[in-house]
Every structure is written in structure tokens, then in C-alpha cells.
Amino acid sequence: MTEHTQVGIVGAGPAGLLLSQVLHLQGVDSIVVERRSPEHVLSRVRAGALEPGMVRFLREAGVGDRLDREGHPHTGFEISFDGTRFRVDLEELTGGEYITIYGQTNITEDLMAARAALGGQLVYEVENTRIEDLDTERPAIRYRKDGSEHEIRCDFVAGCDGFHGVSRPTLPGDVLKSHDRKYPYHWIALLCESRPVDKELVYVHHPKGFVLCSMRSPTLSRYGIQCETGDSEDDWPEDRIWQTISDRLPPDLAETLDTGPCLDRNIVPMRSFVAEPMRFERLYLAGDSAHIVPPTGAKGLNLAGSDVYYLSRAFVEYYKGGRSDLLEAYGPTALDRVWKTEWFSGWMTQILHTDPTHGPFDRQAQIAELRLLSQSRARQTALAQSYVGLPY
Ligand code: FAS
Ligand code: PHB
């Protein structure tokens, strides 16, 4: 069976749902196909720190109400290292900008509800998705569902299917350029039923390994613990998790550490990855299908947001204004912000994690850089500007 639309979207994670929602509000039709069930998509915990630009974009997309009610504004965060701790005052250093803590699961829920309310076309639990005929005026997304073949004919395809999707591999080998950096450590990312260690986020550098202390609510804490690349979730029973966090926290926070059951635990590989180009013929990549950042700087979800911001405007200008220039410019525009954010996420990861391949000189130099950061307003300003996110 063949269906027709203007923009075919592969993937109903944050990028695909947000793109479909923004296009709908601008009168552009889309159909989204998703490999998993809605329940499975919602079961992923993942990100939680939103840039102000992302918050504004979500409000524009009509999904800001619960975010404004339940999101937690954070005007700063702390960095702990070598027996000392300092606060990075985001609001003061950026002239009023700050982040909002609001889980990716909530965003996905809000977008799913918005799509349902507007009668958005989302097809879940598809199999064997293929993107074909990109060199024609009506490319196709083909897939199987409930044992029969389906086809969507569209003007454009948006590949929002994440790092393990089919969109990026659709680019021919002589076109696709991949840039990849793997780090010699991973995270075990946790969501725990316990009081967060502090009212703001704390990034802890420690000789035995990094710990991120975040939260989702006054009774739900979110941690990222540096672990070895060969570790699996089974290597991290709860007693080891809490002992490790306690050992690496500054003494005053360790003393008041609240423990509780872990509701979610995931090994998250630390990786920086960029695929170029982000456009091939009538296929446009957005979000994790095109790039991955280590979660340290809280940029993965936020970069998916800026990609969708650029791509949605390009599609709307094409349909409403008959302009193709924004479609032509999408790749370079998105990649400019992606690469600057990749640099920041890599820098923040390397300054805070304890690299097992480092010798004594590197470790001393790292402490010196952290000390310089703690003492320099100029360096903290640069950090704050990247942390709240570069302008769209
Ligand atoms: P997603 O991967 O979220 O969504 C892609 C969708 O496409 C999925 O639903 C998938 O099922 C679907 N799909 C894949 N192949 C398909 C096919 N062939 N056909 C149809 N559908 C297909 N970011 C942060 O900022 N902070 C964090 O702490 C953080 N933690 C993370 C932890 C983990 C374990 C992971 C994997 C990522 C984490 N991220 C974090 C990054 C994450 O939030 C991503 O940046 C964000 O999900 C990107 O959204 P999408 O681009 O929509 O990709
Ligand atoms: C989160 O709460 O998921 C989070 C916060 C800050 C980060 C990374 C993840 O740097």
C-alpha cells in the first residue's frame, strides 16, 4: 500500500517527533515511521538538561506547558576537584541564560500527546525500513508492518533514526565521511529513587573516576559514573554504585549522600562522532543519526533540537516561500553548531574524567587546568556560553 506525504520521517525519538510537530503547525504534512513501540521509546531515560534555546523551541512547538510547570531552572552548577569546589554562575556569566532540568522521557511524552491531539501520522513497530529512490522527485520509505509491505512516497526524507538507524548508512560510501573519537572510559548512567546530593548539578573530578550528580525531582537522582570500557550493567550492583559515589564525592556531600533503589541503569559509551554531509539528495539527517556527543556536556538532545530547528525552517520556507536556499544551507548550518558543540563536549569530558592512559604529567596538567578554570572569570564565561548553548 502506498501513502503520500510531503516529508517522510524515519524515527520517533525527540528529533522525529519534534520535526513532525513543528511542520504540522506550519501546515506541512509528514508521516513518521518508528521501529519500536511507543512504550519502548518512552522507557529510555537518557537526557535531562535543556538549553534555553531548546526550551524556547519546545514552547514554540506547543509542548512547553508541562515543561514550564515541572521543569527545574538551574542558574549554575558546581565543579569539584582536588579537595575544592567552585560554582559556575551561568546566569551571571551569560547575562541571564540558564538551563532547565526536564527529562527526555517527559519531552517524548509531551510530543507524543501533541502529535495525537493534532492527528499526526505515526506508524510504530515497523520492520525492515528502507529509504529508496532518493535521486527521484518522490523518494520512498518502504517498510513492513503486520506482515505486509508498505510504501510512503514523499518530497523529502528526514533521517531521525538515531545512531543505529538506516538513514546514515543510506549515504553511499564515497559520499559519507565519518569522524569518530572513542574515549577510554564509559559511564554507567543511573536513575535512582533517592534525594539528589545537592540542589544544583555537581561535576566531580576524582583520581578514581568522574561522577556527575544530577536529578529529575527532589526524590529522583540521576548519576553518571565513570567506569571501564569493558564493564557491563551486571558489574555494577547497587552496593558498588553507592560505595563508588560515596568514595568519589567531596566529604561534605558524601556524609549526606542519600541512597535508594536504582530504577534504571545503562552503560553509555563515551564517543564523539560526526557524519558529513547531513544532506544527500532528498535525504536530510538530524539528531543522533548524524552525530553523537559524550553525555558530559548534556548536548545530545539539545543538538537534535537545533538540527530540527534549522531543518523545519528549511522545509517551511520551501513549501511556503518556494525557496530552496535554506535546504541547500541546512548541512553547513547545522554542522557549524554541531562541530562547535562537539569540541565543547569533548573538552568538558576530557577535563573532568580521569584518563587511564594518562601519565603523571597529564594528570598534573589536568589539575592545573581545573584550577585555572576555578580562578578565571574569562574561562568560566567561555564554559558558561557553551554550556547554555550557542545561539541557533
Ligand atoms: P533517538 O536515538 O532518541 O531516536 C531515534 C529513533 O529512531 C528511536 O526511537 C529508534 O527506535 C528509531 N529507529 C532506529 N532505527 C530505525 C529504523 N530502521 N526504522 C524506524 N525507526 C528507527 N544526551 C544528553 O544530553 N544527556 C544524557 O545524559 C544522555 N544520556 C544518554 C544515554 C543513552 C543510553 C543514550 C543512548 C543517549 C543519551 N543521550 C544523552 C543522548 C540522547 O539523549 C540523544 O541525543 C537523543 O535521544 C537524540 O534524539 P534522536 O536524534 O531523536 O535519536
Ligand atoms: C542529566 O540530568 O541527564 C544530565 C545533566 C547534565 C549532564 C548530563 C546529563 O551534563
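The following paragraphs describe the surroundings of ligand 1 and then the helix H6 in a predicted model.

The shell around ligand 1 comprises 29 residues, and the closest of these are Glu34, Arg44, Arg46, Gln104 and Asp288. Sorted by class, the shell holds twelve nonpolar, eight polar and nine charged residues.

Several polar approaches to the ligand can be located individually. In the side chain of Glu34, an N or O atom lies 2.7 Å from an oxygen atom of ligand 1. For Arg46, a polar side-chain atom is placed 2.8 Å from an oxygen atom of ligand 1. Lys299 takes part through its backbone, where a polar atom is 3.5 Å from an oxygen atom of the ligand. The protein buries 89% of the 990 Å² that ligand 1 exposes when taken alone. Two elements, helix H1 (14-25) and helix H10 (300-321), each give two or more residues to the shell.

Attention now turns to helix H6, which covers residues 104-117. Its residue Gln104 is also among the residues closest to ligand 1. Why does a span of 20 Å fit this helix? Helix H6 has 14 residues, and at 1.5 Å a residue they should span 20 Å; the end C-alpha atoms are 20 Å apart, so the expected and modelled values agree.

The buried residues of H6 are Gln104, Thr105, Ile107, Thr108, Asp110, Leu111, Met112, Ala114 and Arg115. Gln104 is thus listed both as buried in H6 and as one of the closest residues to ligand 1. After H6 comes Gly119, which has a positive phi, near 70 degrees.

Key:
Residues are numbered from 1 along each chain as its sequence is written. Chains are lettered from A and ligands numbered from 1 in the order in which they are written. This is a predicted model: local features need pLDDT of at least 70, side-chain atom pairs count only at pLDDT 80 or more; totals for chains, interfaces and linings use all residues. Side-chain values use heavy atoms; hydrogens and water are left out. A residue is near a molecule or strand if one of its heavy atoms lies within 4 Å of it. A polar contact is a pair of N or O atoms within 3.5 Å; within protein, one must be able to donate a hydrogen and the other to accept it, and residues adjacent in sequence count only if both atoms are side-chain atoms. Accessible areas come from the Shrake-Rupley method with a 1.4 Å probe; for residues, only the protein chains shown count as cover. Helices (H or I, at least four residues) and strands (E, at least two) are DSSP runs, numbered from the N terminus. Ala, Val, Leu, Ile, Met, Phe, Trp, Tyr, Cys and Pro count as nonpolar, Asp, Glu, Lys and Arg as charged, and the others, Gly among them, as polar. The expected span of a helix is 1.5 Å times one less than its number of residues. Buried means under 20% relative accessible area, exposed over 50%, partly exposed in between (1.4 Å probe, protein chains only).
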